[in-house]
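Reader: I should like to go through this structure one step at a time, with the reasoning set out for each answer. Where shall we begin?

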Amino acid sequence: MENAIVKVENLSHRYNSQWAVRDINFEIHSQGVVGLLGSNGAGKSTTMNIICGVLKQTKGDVLVNGVNLKDDPVEAKRNIGFMPQKLPLYQDFTVEEYLTYCADLRMVEKTQVKKSVQQALERCGVAHFRERLLRNLSGGYQQRVGIAQAIVHNPRFVVLDEPTNGLDPNQIVEVRNLIKEIAQDRSVLLSTHILTEVQATCKEIKMIEEGQMVFSGTIEMFDNYIEPNTLIISLDMPPANDELLKLEGIRSIEQVAPTRFRLGYDGEKKTVQQLAEISVGKGWGLMELIIEKSSLDAVFARLSKKNNK
Amino acid sequence: MRRVFKIAKAELFTLFYSPIAWMILIVFTFQTGMAFSEHLQEVLRSQRIGFGNMFITANIFSGQMGLLVTVQNYLYLYMPLLTMGLMSRELSSGSIKLLYSSPVTSSQIIRGKFLAMMMYSLLLIGVLLIYTLIGVCTVDHFDLPSVWSGLLSIYLLMCAYSAIGLFMSSLTSYQVVAALGTLVLLATLSYMNKVWQDISFVRDITYWLSISGRCNEMIMGLICSEDVLYFLIVVCMFLTLSVMKLQANRTHASFSSVWGKYSLVVLSAMALGYATSRPVLMAYYDATETKGNTLTPNSQAIMAKLDGGMTITTYVNLLDREYYNGMPEQVNEDKQRLKQYIRFKPETKLKYVYYYDKPSNNPRLDFIYKNKPLAEQARKEADLKEVDIDMFLTPEEIKKEQAKKKIDLTDEGNTFVRLVERENGQKAFLRIYDDMMKFPGEAEISAVFKRMVMKLPRIGFLEGQGERKIEGDRIRDYTLFSSVKTFRYALTNQGCDVETLDLSGDKQVPKEVDIIVISDMQQLMDTVVKKKLDAYIANGGNLAITLKPGSGIMESFIAQFGVKTIPGQLVQPKQDVAANVVVCRPTEASKTIAPMFTDMIQRHLYVGMVKSAGLVMAEDKGFKAIPVLQTDTMKTWNELQTIDYVNDSATVDIASGEKVDSFVTALALSRKVGNKEQRIMIIGDADCISNGGMRPPIRIYGAANFNLIPGMFHWLSYGTVPVDVSRPVGSDNEIFLTKESLKVVKYGLMGVIPGILLIGSTILLIRRRRK
């Protein structure tokens, strides 16, 4: 198996006496955006801070590009870009000065600094504001500079903590596109509350609740995490409800509209096929047959709740 | 290192992209510019008045309110304003995460921030360099090395303040709290030399910790390893603490482990500080042109001869008026008084013994505790002074101690006194005196040590013919300058043994007597005495002779040396003062006799004589004569008529033999007798060094009759005592400025430079804001 870009092993952290995260394990192998979900206070920021070296974990290991953050933090951090929720900007600097400083801090080769800054400026679409003071930039552009500083040294792994916080809808779309773009050639760990954002950008999801990992998988797996086993059927000439209930595999019926029903079923594919065949065969006038999926909100709520139990 | 440098650069930019750095630079420039110009003005005024200047460099830069002293005093106001944001800003704005998530260590962050402050401090030093440069250009023989030493100390102080401020800034995300915290910490550090001073050992550590006045010696031009290391240790300690704080921010370690580590760092720093402040480990370099902060070569030579161990025990009597100077809380201050000697004999042990007994100098006690026993007096005094009576030995206990050491403190009046003991058993007392300075100076201390390494002169005061006595307190006697222990310039405090010399009957001149003082004899010597004295003189014995005008007995006595007095008494009419009070100044030739006279000339000091005789060489008896004192340039003549000097005014009557002249009032005679040079000093007014005549009734500034005594006996003892501790005068005594050019300098420093900075910074900041 190829080397993981990030590998988190048995990560635990304690603020004073309380454990903020407990035994978290995950790996990120490929490029693309990984969403980090969790309710407020779940331990997302703690996890991200530890991965980026802002905090030192109480227990466990974080390996970035195979380098243990504990053993060689300097080397490990060369491959990390971090944009915290509160942008770490120097308000009295211009965009270019600031990015140059960041590049220097991140050990970009002296001769490459200018080029790296230029690339980051262009990538994040702030090149035309290079001479602007950061304090004179709008929120959206400040956010872009925040992302630019995270990628200026071309890290293999970027962590973005709620990057679209406080932006207007247009800016949100722009920033999401930007994130997708930069994720093309690196891994991005994105923390957010906004589930549509996850849907729009992430290919993988990790969810933390109460300091513990409650979900890790692709977005599809997340979608299907709650299997509702319901389907919606629209019939032009529906039979009596009892008749539908008698069919094999159908467990419940709920009339949503005069010609639209939600049927509870056993989740077998066969049942759905059968239902379609029978509907056609009996001339019920099949208009629509949809297998229902649970909403992300519902999954999120369920996962949070499950953990709360 | 590159990242440290980049962090420093970013910090400097942050400082200069906000008004704070500029404002501090401008205020600092203005304030120091003003102080510097004022010093220049004073020096120039003094020069234009004709008063003359000495040590101009020191006056401007390191004098009592010299420029660098002012900077030292005000620096604590500037630095917290600069340092408050160093880490607080990062913590409050969240930009600390940028640093934490970057490949930089906590130590690199702190070093970077500190480096920024070091560079800013250099800028402030640069401002001071402007003044140094002006000094170099305008002051003749500017004493640059001493100013370098001062600048170095100010720079080190800035660095120490920066490290302290940086630490406070890393503790909080509120900048104002960081600034106030720094001020509080600095105040605490300044106050440390008063903390726990009554507990031995602890007092050495707290005293070492104190930052107040740390630069004083270096500003004066004396670089001491202790001070330099102090700054380095303080800087390292606070930087380490800051690094630890940054690490603790990230780890959320337990309270006890964090504080445990902090304590360890502080304790190690203190241990290091304690070690570096031990005399044996100290090194010094005196950067001044005249080595003015170091013992004179003569004293150094004495110290070099003091081999073997030495203990200085200070006896402190609770009931003594001066008890306070030796109390435990004052011990470290007190040790400073001996620091220069300890420097050359670092293994010297210093001890303090506390006791109570009846003091000779505290009549207050008799008044308030009439007829009360000593023990009760002591108890009440201890209660009043809030000290523990148990730490003081009782009179009985101290008597035992004295018997053991074979000393007598009662003879010293049971007052504050130090006993110097050498390993070889030699002992001597080092006293304090009844004058403004109170504590012994270099001359007195060196005399005590010198007495231990060589035989010092014994001086016999001839008695039996109505001479002045060396005991009792009559106005005409010579007690004060000879044997009074509380008088600094008394010969007994300057290294000589004094004794009364009675040559009547079969008593002989003791072999060890080196100088005989013959003062204003009222009766003729009988033949027995005369024979012995003649033999002494013929053998080349040295003499100090004092007389009053019109004394036939003295006239005939000095005739054997070829000297004669001018008839009448010298008068010199002055306003408000009787005319027979005469101002006599050391002659140019007297400089060859003793350095004390050179010093008198330089300081414009003179000897005031009342009813004095002029001296002349009448006959050649083989003596070489050098005039030592001569009447002032004021009109002086020998008044032959007897007049009432209080109510009448004297006039010159040439016809009666009065003559206007400059008269010699002290004469130094010398001749070769065998291998030895015989030296004889004759003074034309026996009263001018008497108990009452030491302070002549004169209103002109500069009467210093007692200065005649060390000068005279220095010559008579061939330079052995009093120890010559005179120092060369610096050569930076002239300033090449005019009133007009000073104005230009002043406007430049207080107006143009701050103005340019103000306008420049305003334009820069406004232009940036618009970006």
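Reader: In strand β2 of chain A, which residue is the bridge partner of A:K7?

Author: The model is a predicted one, and the pairing is read from its backbone bridges. Strand β1(A) covers residues 6-15, and β2(A) covers residues 18-28. In β2(A), the bridge partner of A:K7 is A:E27.

Reader: How many bridges join β1(A) to β2(A), and in which sense do the two strands run?

Author: The two strands belong to an open sheet of 4 strands in chain A, with the order β2-β1-β4-β5. The pairing in that sheet is antiparallel. Between β1(A) and β2(A) the strands run antiparallel, and the number of bridges is 7.

Reader: Which strands form the edges of this sheet?

Author: An edge strand pairs on one side only. The order β2-β1-β4-β5 places two strands of chain A at its ends. The edge strands are therefore β2 (18-28) and β5 (67-68) of chain A.

Reader: Which helix packs on the sheet, and what angle does its direction make with that of β1(A)?

Author: The helix is α1(A), residues 44-51. Its contacts on the sheet are with β1, β2 and β4 of chain A, the last of these being residues 59-64. The direction of α1(A) makes an angle with that of β1(A) of about 120°.

Reader: Elsewhere in chain A, which residue of β14(A) stands opposite A:L231?

Author: Strand β11(A), residues 230-235, pairs with β14(A) in the antiparallel sense over 5 bridges. Strand β14(A) covers residues 286-291. Opposite A:L231 in β14(A) stands A:I291.

Reader: How many of the 6 residues of β14(A) are buried?

Author: A residue counts as buried if 20 or more other C-beta atoms lie within 10 Å of its own. Strand β14(A) lies largely in the open, because the number of its 6 residues that are buried is 0.

Reader: What is the radius of gyration of chain A, and what would a compact globule of 309 residues have?

Author: Chain A has 11 helices and 14 strands. Its C-alpha atoms fill a box of roughly 75 × 45 × 35 Å along the principal axes, and 41% of its 309 residues count as buried. A compact globule of 309 residues would have a radius of gyration near 19 Å, but chain A has 24 Å.

Reader: Turning to the interface, which element gives the largest share of the side of chain B that touches chain A?

Author: In the model, 22 residues of chain B are in contact with 32 residues of chain A. The elements giving two or more residues to the chain B side are α1 (2-16), α6 (96-101) and α12 (225-251) of chain B. The largest share, 5 residues, comes from α1(B).

Reader: How do the residues on that side of chain B divide into nonpolar, polar and charged?

Author: The division concerns the side of chain B that touches chain A. The residues there comprise 7 nonpolar, 9 polar and 6 charged.

Reader: How do α4(B) and α9(B) pack, and how far apart are their axes?

Author: Two packed helices are described by the angle between their axes and the distance between the axes. Helices α4(B), residues 67-83, and α9(B), residues 175-191, pack at an angle of about 140°, and their crossing is right-handed. The distance between their axes is 8 Å.

Reader: Which residues of α9(B) are met by α4(B)?

Author: From α4(B), the residues in this contact are B:Y76, B:P80, B:L81 and B:T83. By class, the contact has 6 nonpolar, 2 polar and no charged residues. The residues met in α9(B) are B:A179, B:T182, B:L183 and B:L186.

Reader: Which residues of α10(B) are buried?

Author: Helix α10(B) covers residues 202-209. Its buried residues pack against α9, α13 (255-276) and α15 (331-336) of chain B. They are B:Y207, B:W208 and B:L209.

Reader: Is B:N371 buried or exposed?

Author: B:N371 is found in the loop between α17 (363-368) and α18 (374-384) of chain B. Its phi is near 60°, a positive value in a residue other than glycine. A residue with 12 or fewer C-beta neighbours within 10 Å is exposed. Because B:N371 has 5 such neighbours inside 10 Å, it counts as exposed.

Methods
Residues numbered from 1 in each chain as written. Chains lettered and ligands numbered in written order. Predicted model: local features only at pLDDT ≥ 70, side-chain atom pairs only at ≥ 80, totals over all residues. Contact = placed C-beta atoms within 7 Å. Nonpolar A, V, L, I, M, F, W, Y, C, P; charged D, E, K, R; others polar. Axes fitted to C-alpha atoms, helices over the stretch in contact; angles between N-to-C directions. Left-handed = near helix turned anticlockwise from the far one by under 90°. Rg over C-alpha atoms; globule rule 2.2 N^0.38 Å.
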